[in-house]
Amino acid sequence: YSFHETGEVLSFTIEPDSLLMNSEFLTHLDDGIETIEWSPDKEIGALVTNDNRLKLVMLTSVNIDIVFEYDLADLSQGEQELINIGWGKKETQFHGLGGKNAAEPKLDSNLDESFYSKSTHITWRGDSTMFAVGFWCKKSSKRRIKIFSKDGTFLCMNEDMPGLDGPLSWKPQGNLIAFSQQLANKYVIGFLEKNGLKHLDFEVPNGFKVKYISWNADSNILCLLVKHRESTKTYLMLWTCSNYHWYLKQKFLLNFEVVRVMWDEDRENKLHIITQDGTFYDFEFSWVIDHSNYALSANKYYISVIDNDTVLLTPFHTAIIPPPMCKWSLKCPASINKILYPSVFEEENCKYFMCALLHDGKFCFFSESLEEPYISRIDESFAQEFSTDLTMNHWAWVSNTTMICVSMFVGDRSKIMNIQIAEDKLVLVNKSEINHHVITIVPNNKNVFMYLLDGRYIEYNIENNSLSEIKNGFPEACYHVVAHSTNMYGLSEWNRFYKNGTIISYNITSFLIHDPFILATTCNHTLLLMNCDGSEVKEISVRKLERGSKLVAATGNTVIMQLPRGNLETIQPRALSIMSAGKLLDKKLYKEAICLLRRQRICFDLCLDHNPYEFFINIKHFIQDVEPQWITLFITELLPNDVTKGIYSLYYSQKKQQIYPEDQKINKVCNALLEALQSENEEQKYMMPILSCLVKTKNIAKAIEIAISDQALQHLLFLVDVDTLYHEALGAYNLEAALKIAGKSQMDPKEYIPYLNSLREMESNYRKFEIDKMLKRHASALRNLSKCGDDKLELMYSLIEEFHLYNLALELFENQAERFSKAAYMYGEYLYKQARFEEAGVLYLRSNDIQKAIVAFTKSGNWRKCISLAKRCNYSDIELRNLGESLYNTLVSAHKMREAAEMYKDCFADTNKAIDIYLQGHLWEQALYLIETSGLDSLIETVITPNILDAAAKLIEEINNIKNKLLGFSARLKQVRLEKVIKPKFRDIEEMSDTSSVTSKSYKSSISKSSKMTKKMSRKMWSLKEGNPREEEALVANISQTMVMSEKIVSEVKNISIALLHLNFDEKGTTLQITVKELLKVIDDIKSDVWPKDPNEDELVLLDAKFKYPPDVTIDARWEVTVFNKN
């Protein structure tokens, strides 16, 4: 659609094939059209006619409809006009040094009526609900701004503002309208609230008049098109606001007449300019933080802020100052468009640490000094070319003497310029062209990476001025790219974060590289800390942030962020603090490291665990560098484990040499510190650390001994509980120290003073015994009591018996025959009661009580020892026979049939009894051997053969029973599993309700009886009763147990089959063997049914699964010899 000043409205259609434009006349407005502006949603348009009438129009396909009209000259009040109730007037307010005259608005005395623009301007709010009209009111001879709603309702008018100029623009995301105004001594951009009142302003540089004002879609950039009053040159200015301060960030000289300036609706930082000759310019801006990226190497971190012709410079490594405040305010000859820092700063080779590119093409180089930086050089070598070329926008200071500039021109082509910084001027040494659009450049060593719109890049070498082929970089355009080592990190406008083309995260809003970490803020308002060492990026920590926080800088262990309102916030993440502490420890700056760890509440163990080898080498330097109080704190807080493998393992990826076992850390460190502290020969200075070392290594008695002063004793009381310390003093038999410690406690003097006095009066060894007895140190008590006279023997024996100190007693009385014999007898009695008959017999022998020994050995079944002892005691034949009967009963009950038979054969020459015992134990081979060697062959027919045939028959019957049992279990198992498949998963509702009610009633009683019912419930769990919910599991368990039982039977079959073979019973042996084979076949057949194999499961996986669990190893719990267990 086309609206003309004369009032004609035309519509245009474009043919898609030929791109020809056809016009059609729609309507004619008799009053003409002065200006028109459409709402952002394109639903309605506001136009002002030549006779100052406001009309709201809507377009249809065939006509234009006027939905509202209003006379702008109407002086009636709006619906939301402010009413003055008589207080709060400007005339009654305090105006400082200006006095009452300051309340009266003053016009610039040089203004005449020609200054005021008679043009009309319309601006809409971003949500299309309101719009404002700025016009020249002929009735009042003033410029007015009236605010209307979308339906045309007049809301309010601005307050009287002398010097009000024409241009105005409504902030898309807010309630402020920007306008220009000439005050008495300055020209400003003011802001009007939607109620018509002025709200703040900022000054435009002197000598300029604003022709056009426009906000970008995000409302954070204000664009001014201005004209110089004297030179009539046109400039484009971009302003931003932070912390209530307005900064002029960019200023361009336009050598052409501008028809229209407008911001893109979709891309908030893209600006369109249309010139009078039809040229269309696109400018896209991106936010950058001008900082010195050599901070890690030079230990300096400068951040600069552009404010018109001033550089607001702050060294963030020494002072963190939020803009617009700064450490140094450096003035330049003209407005600044760009700040450059060398990518690598070498003080010996580079005279300049910063460069400012001015809008007029000049270069201002800054040098450092002791007081403040200063301009050491202004270069005008490219002033004429750069001041008129709007495309010179990508700069990189690659080395001390080289700058690279990339500019774009028609056809998406880019021009690369290699500029050398000579002694007297800047020299263009090379110029190259590429047929691609460069969006950002990144210096890396001697190369420059130029990233294109599609994310790929071209590499430019500054030494030979060579260009590489296009290489794959990122999957999309990344405007923020950082080079680190051999990796490139990029952030796209859609918050996707990449490393060398691989996406790391989808919600990153800003990031910094702080070797070896990546710091990033996320859309979830968190600070993400990642490790950038190695091929993978690993998340280390996450912490919440204030909404909208963006990273500014990271220096040392401090991270600086800027909040949306402009102020700075500093935090010190744990990872950076640990990294900074590690650097201090590597430099042996232990005092500074301790202070940092203490301030950040980081475990002091890091001083040791960071590098244990270096710590032990420099342990004396550690003691001399750190104050004694912090050494004490270091010792008292020592942890037994390595913190770099525990709580701080995320910050330590590299393995280090282990110089001591992990469980010996505390002892190793404390002993080394104790040795170093004592070697200083300043015991009083290092008394607290020494005491701490002794306490930490459990040498409390030694600590009590050297803690003479009250301060030392108080420190011990801080480290150790007072009751424990009191008992330790008594345990060291130090009654004086015990008295002092008791005096510091809550103990009753009426109790401990008499007790300590009574101890003083006792004999030395008996005193120690009493103390040990009170402290329940029974072994020490026995040692001290054994040194007393014979009058304490009964007390000593009762002590041995009460606390089972038999082994210690045997050790103490080794050279005292009477006492040793008594202790051995007491020990034998104790072991006999514990059913340790073999050991009891040995102890009875040591006490010379042979009869007791024979009884004990008889109980243990040691027939050889019994017979030898009986013969030593000259037992008669009858006594020996009786002893043999007792031994026989013991051996048979223990299933030691072979032992019993050998006893009768060797000791009593009773061959028949021995053969009988062999047959009872199914020891067929031994029985046959004894018969054959004794010449009793007749017994083979009468005794051996019937026993073997009877045993074989019973064995066949037992095997058949096992086979039938397995078949029955297997059949039932198949049926149970089939019923589970057919049976519905849920029970009937009535059944469920009945069950639930019973459960609820019996819940309380079942809890109380649970301990009694455990065994019963266990039996029910494995019950084979049909209908049991766990019947399937019970069947599988019984089948498994039966199979294990069959293994023992097969072993028995082997034994009896050999005997049948020797006796020529081949038929019986064959029958037995066939029966066993049938059993084994049944076992093999049912295995696949009981434990079905998954066809998709790999056998190797099953084999590996077996080794995930420990083997079942059954070890006799009574394997130990009690006598060898020393106290």
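In the predicted model, the second largest pocket encloses about 1,600 Å³ of space. Its lining comprises 45 residues, and those closest to the pocket centre are Glu37, Tyr212, Arg260, Val261 and Met262. Six strands each give two or more residues to this lining, namely S4 (35–38), S8 (121–124), S12 (164–170), S16 (208–215), S17 (222–228) and S20 (258–263). Strand S20 supplies the largest share, with 6 residues. Classified by side chain, the lining of the second largest pocket consists of 21 nonpolar, 13 polar and 11 charged residues.

Several individual positions belong to the strands that contribute to this pocket. Tryptophan 38 is part of strand S4. This residue is classed as partly exposed because its relative accessibility is 24%, a value between the limits of 20% for buried and 50% for exposed residues. Although tryptophan 38 and threonine 123 are 85 residues apart along the chain, their C-alpha atoms are separated by 8.8 Å.

A salt bridge also connects two of the strands. The side chains of lysine 209 and aspartate 165 meet with an N to O distance of 2.7 Å. Lysine 209 belongs to strand S16 and aspartate 165 to strand S12, so that the pair, 44 residues apart, links distant parts of the chain. Both partners are buried: lysine 209 has a relative accessibility of 18%, and aspartate 165 has one of 3%.

Across the structure, the count of salt bridges comes to 39. In general, side chains of opposite charge can pair when their charged atoms come close. Arginine 377 and aspartate 379 form one such contact, with an N to O distance of 3.2 Å. Arginine 377 counts as buried because its relative accessibility is 10%, and aspartate 379 is likewise buried, at 3%. A salt bridge also joins arginine 456 to aspartate 454, whose closest N and O atoms are 2.8 Å apart. Here the partners are partly exposed, with relative accessibilities of 30% for arginine 456 and 36% for aspartate 454. Elsewhere, Asp41, Glu43 and Lys150 are joined into one network by salt bridges that share partners.

On the surface, Phe12, Ile14 and Met21 form a nonpolar patch, and together these residues present about 310 Å² of accessible area. Methionine 21 is located in strand S3 (residues 21–28). Its relative accessibility is 52%, and methionine 21 is therefore classed as exposed, the threshold for that class being over 50%.

With respect to enclosed space, the structure holds 1 cavity of 30 Å³ or more. The largest cavity contains about 40 Å³ of space. Its lining is formed by Asp609, Pro612, Pro640, Asn641, Asp642, Gln658, Tyr660, Glu662 and Lys665. By class, 3 of the lining residues of the largest cavity are nonpolar, 2 are polar and 4 are charged.

Backbone geometry was also examined. Most residues other than glycine have a negative phi, and most peptide bonds are trans. Among the departures from this pattern is the cis peptide bond from proline 323 to proline 324, for which omega is near 15°. Proline 324 lies in the loop between strand S25 (310–315) and strand S26 (328–331). The peptide bond from aspartate 515 to proline 516 is cis as well, with omega near 5°. Proline 516 occupies the loop between strand S43 (508–514) and strand S44 (517–522).

Positive phi values occur at two serine residues. Serine 128 has a phi near 65° and is placed in the loop between S8 and strand S9 (130–137). With a relative accessibility of 2%, serine 128 counts as buried. Serine 219 also has a positive phi, of about 65°, and is found in the loop between S16 and S17. Because its relative accessibility is 8%, serine 219 is classed as buried. The loops that hold these two residues adjoin strands S8, in the case of serine 128, and S16 and S17, in the case of serine 219; S8, S16 and S17 are among the strands that give two or more residues to the lining of the second largest pocket.

Definitions and conventions: Residues are numbered from 1 along each chain as its sequence is written. This is a predicted model: local features need pLDDT of at least 70, side-chain atom pairs count only at pLDDT 80 or more; totals for chains, interfaces and linings use all residues. Side-chain values use heavy atoms; hydrogens and water are left out. On a 1 Å grid over the protein atoms alone, a cavity is a set of points where a 1.4 Å probe fits but cannot get out, and a pocket is an open set with protein on both sides within 12 Å along at least five of seven lines; lining residues have an atom within 4 Å of a point. Grid points are joined across faces, edges and corners, and a volume is the space filled by probe spheres set on the points. Helices (H or I, at least four residues) and strands (E, at least two) are DSSP runs, numbered from the N terminus. Ala, Val, Leu, Ile, Met, Phe, Trp, Tyr, Cys and Pro count as nonpolar, Asp, Glu, Lys and Arg as charged, and the others, Gly among them, as polar. Patches are made of residues with over 30% relative accessible area and no salt bridge: like charges are joined within 9 Å, nonpolar side chains (Val, Leu, Ile, Met, Phe, Trp, Tyr) within 5 Å. Accessible areas come from the Shrake-Rupley method with a 1.4 Å probe; for residues, only the protein chains shown count as cover. A salt bridge is a side-chain nitrogen of Lys or Arg within 4 Å of a carboxyl oxygen of Asp or Glu. Buried means under 20% relative accessible area, exposed over 50%, partly exposed in between (1.4 Å probe, protein chains only).
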